[in-house]
Amino acid sequence: MARARHSPPGSVSTTCPYCGVGCGVKVTREGGEVSVSGDGAHPANYGRLCSKGSALAETIGPATRLMQPMVAGKAVAWDTALDHVAGGLMRVAQEHGPQAIAFYLSGQLLTEDYYVANKLAKGFIGTPHVDTNSRLCMSSSVAGHRRAFGADVVPQCYDDLDLADVVVLVGSNAAWCHPVLFQRLQKARAERGTKIVNIDPRRTDTSEGCDMHLALRPGSDVHLWNGLLCWLADYEAIDWGYVNAHTQGLAEALAAARFHSGLVSQVAEATGLAPNDIEAFYALWAGTAKVVTCYSQGVNQSAFGTDKVNAILNCHLATGRIGKEGCGPLSLTGQPNAMGGREVGGLANMLAAHMNFSEAERDRVRRFWTAPNLVAGEGLKAVQMFEAIADGRIKALWVMGTNPAVSLPDADRVREALAKLDLLVVSENVASNDTARCAHVLLPAHAWGEKNGTVTNSERRISRQRSFLEPIGEARADWWIMSEVARRLGWGRAFSYRSAAAVFREHAALSGFENEGRRAFDISGLSEITDAGYDGLKPVQWPVRSPGQGTARLFAEGGYLTPNGRARLVAVKPVAKTATAVQTPDWPFTLNTGRVRDQWHTMTRTGLSARLALHSAEPYVEVHPADAQVQGLKDGHLAKVETRLGRAVLRVRLSERQQPGSLFVPIHWSAENSSAGRIGALVHAVTDPFSGQPDAKATPARIVPVPCNAYGVLLSRETPSFEGASYWARAAMPAGSITYLALDLAADAWDGWSDNVLPSGERLAFHDKANGRMRVAVLNGGRLDAVLYLAREPEALSLDWLIACFAKDTIAPGDRLALLAGRATGGVDEGPTVCACFQVGRRRIETCIRAGARSTEAIGAAVKAGTNCGSCLPELRRLLAAPEAVKVAAE
């Protein structure tokens, strides 16, 4: 629970701030406390929440918040800060031109914030350089949609997952990254017999909930989907009625596909898949009328992600399986409002409201905004934007709600570039992150719970994020901050908004302005919504041309947004790897990056929740055992992963689910919580030529073991510095933090090192220098303040019991020796956390299995694991299938 600030009791319906599923959240306030649950009335989730959403109430405290504006590291009044920002932007524009100014936005912003930022930059300041961190996750889908449909439109809705007979998940670990949708699929699989296919080089938790897993060679997706297009033609599965009436380009697309993928044997050679498996997939897809193909980061985050998207879309267009119940392509978006940002034009290659840069469109937007300095064309996309900062073309940057010094590729160069700016403004709700540390000006923005506006999810559904907390400190809405800067620059009349609802009305009006059906994005039916109507707005899918009348699907009967109204099948050919992406003897591995189950982006929010830290507490590298043996790596030990750009030190996890020759590393850790876990610094800055999206899945790399003299764990109420540690990674616990350590110091030096790390107080200590083991507990007034464990090999500790000790006012005499042992003398040791929602550990589940549980349902009934979000169900199934569990069942 987290304590609310001045919020009256009651219940508020809002929207989750994490992934693009856009789950409805019910917030209840009672007795000064906040609790969250799924909103059963919201059509995105019908009451379900994942582990991250379930823990939202644990992330809204004041501990890490930015409380007031800061200029040059000093707290100032809002007027001072806003004057400084406006003066700095004016000075840069006068000395270097408006194109020396850039805005870098975030899918965490509300649509109203995005709208004001885009209008201010492109219409009034006159800079086209407005881009967003959404460039890193979904811009290849945007480019593919625009090439095929003429506009960035997702044709399907989530209900199609319930209605499909086959669902294909491509480059998507939905069990971890979109768990609510994945559990929806699992329900359809159990109740309707829906077949699920997973196409992913890694065997993930998603694969274990599927009927077929195609572990293709990384980067070979175009071969597979071009081969399917050829199969559809050869086995007479083309819908010629739909093709002739509503599409163009099939002949050219087929010719390109046949060149490399016309035969199953060619596809098998390119993908590494068995011919029988390819034929089984093709027959299933071709023979099933109701098929939905969902694709995500494994498709998008590629040097040729746009071609991958179009190869998928070609198959749906060729069969007319689009925009109909239970059949069509569905892009799974990564962020809660990446779609909203696309709607307003918050990408460098869009103008506004799904309009581009033709003279007619520019004239239309200029007249609507009465814009004095409307831009003439596209701006620089994210990676190119930071290259322009590095070489001095961009002098001023305003970053909002994102952390590019961690998340962008070649992140060390990004950090160096930020230091060159004349003006770096960062609007943030946290006081410190890797990017904020570089800022000249920090502006405190609303966080989730304080924000009030709209977001749009992956199925085009607009939902309200409602405030239920008073803003902390002097935090303000992002749209208000930008409007105040605009007023100081002389454009107050155009930015005289009094509420988020006023911004939304203008945004809706622009979407319908001189539209006449030419643009699918049209929410003009909401342009006259009252403040009360806005407060009560129900989730609705665009287009919304009449009040309350949304649209579930598009393109079933054609109506594409191309000049001739026909969809384009795009001829795509497999592309050879770029020179910087080729594996060599010096760089024999491919580095693949992604998310873990219970964390989000750079952990500025999820990192505050102690229970979310339990499942994956450290940055790690997943390695196939065969590769580990060759490289001399051991499970649980440390390794250095290196690319041409940087290095990281990570915990080794051996997994046969990882392909040999590939390394998987999570993206979440930063300099705030680890010594060397910042993975963006290793990722090459290769981008897709159409979308500008970085290739985050295929950086050449190498890996070597890191020798250590001590592995350790420190639990402490305070957060010490770790000078002298060769490795550290910190995670939250309710009364402080847990830090995982490694030292390159001999056992004789451990005492001296620990003296600098541990707080003062009564010490209970054990140090066996000969065998390399040391344990120290520090108590003050009987209360445990810190406990440190060091050993030559990694040791298993009872962390759940140790964390509970920090909640006690006094450590009982009988527990003092147990502290040095690192585990309770009696009771249940939970072991590693499996279920984050109910904090159920592996050992308790194994005990449940030994007591007779034979199914996930039985485990859930006994200990609740798997009964909330379902993210842990694949792990429960693995425990049930483990040899010792099978033996118990046989007995």
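Buried residues make up 63% of the 891 residues in the protein chain. Here buried means under 20% relative accessible area, exposed means over 50%, and partly exposed lies in between, with a 1.4 Å probe and protein chains only. The model is a predicted one, in which local features need pLDDT of at least 70 and side-chain atom pairs count only at pLDDT 80 or more, while totals for chains, interfaces and linings use all residues. Residues are numbered from 1 along each chain as its sequence is written, and side-chain values use heavy atoms, with hydrogens and water left out.

The accessible surface of the chain comes to about 30,800 Å². Carbon and sulfur atoms hold 51% of that surface. Such areas come from the Shrake-Rupley method with a 1.4 Å probe, and for residues only the protein chains shown count as cover. The C-alpha trace spans about 80 × 70 × 55 Å along its principal axes. The radius of gyration is 27 Å, which agrees with the value near 29 Å for a compact globule of 891 residues. This radius is taken over C-alpha atoms, and the globule rule is 2.2 Å times the number of residues to the power 0.38.

The secondary structure comes to 30 helices and 35 strands. Both are DSSP runs numbered from the N terminus: helices are H or I with at least four residues, strands are E with at least two. Contacts (heavy atoms within 4.5 Å) often link distant parts of the sequence. Of those with a separation of 6 or more, 71% join residues 24 or more positions apart. The chain has 93 positive and 89 negative side chains. Lys and Arg count as positive, Asp and Glu as negative, and His and the chain ends are not counted. The centres of the two sets lie 1 Å apart, with each charge placed at NZ of Lys, CZ of Arg, CG of Asp or CD of Glu.

Helix α8 covers residues 221–234 and includes Asp221. Asp221 counts as buried because its relative accessibility is 7%. Its side chain makes a polar contact of 3.3 Å with the side chain of Lys308. A polar contact is a pair of N or O atoms within 3.5 Å; within protein, one must be able to donate a hydrogen and the other to accept it, and residues adjacent in sequence count only if both atoms are side-chain atoms. Beyond residues up to four places away in sequence, Asp221 touches Val170, Leu216, Val299 and Lys308.

Helix α8 also helps to cover buried residues of α11, as do α10 (250–261) and α12 (275–286). In α11 (residues 264–271), the buried residues include Val264, Val267, Ala268, Ala270 and Thr271. Gly272 follows just after α11 and takes a positive phi of about 80°.

Some backbone geometry stands out. Most residues other than glycine have a negative phi, and most peptide bonds are trans. Met603 is not a glycine, yet has a positive phi of about 65°. Met603 sits in the loop between β22 (589–594) and β23 (620–623). With a relative accessible area of 9%, Met603 is buried. Glu514 is not a glycine either, and has a positive phi of about 50°. The loop between α21 (500–512) and α22 (531–535) holds Glu514. At 30% relative accessibility, Glu514 counts as partly exposed. The peptide bond from Trp542 to Pro543 is cis, with omega near 5°. Pro543 lies in the loop between β20 (540–541) and β21 (567–568).

Trp542 is also among the residues touched by His354. The others, outside four places in sequence, are Asp152, Arg342, Glu343, Arg519 and Phe521. His354 lies in the loop between α15 (338–344) and α16 (359–369). At 13% relative accessibility, His354 counts as buried.

Helix α16 contains Arg364. Arg364 is buried, at 9% relative accessibility. Leaving aside neighbours within four places in sequence, Arg364 is in contact with Met355, Phe513, Glu514, Arg518 and Arg519. Arg364 and Phe513 are 149 residues apart along the chain, but their C-alpha atoms are separated by 8.0 Å. Arg366 is also in helix α16. Arg366 is partly exposed, with a relative accessible area of 30%. Outside four places in sequence, Arg366 is in contact with Ala371 and Leu374. Arg366 and Asn198 are 168 residues apart in sequence and 46 Å apart in space, C-alpha to C-alpha.
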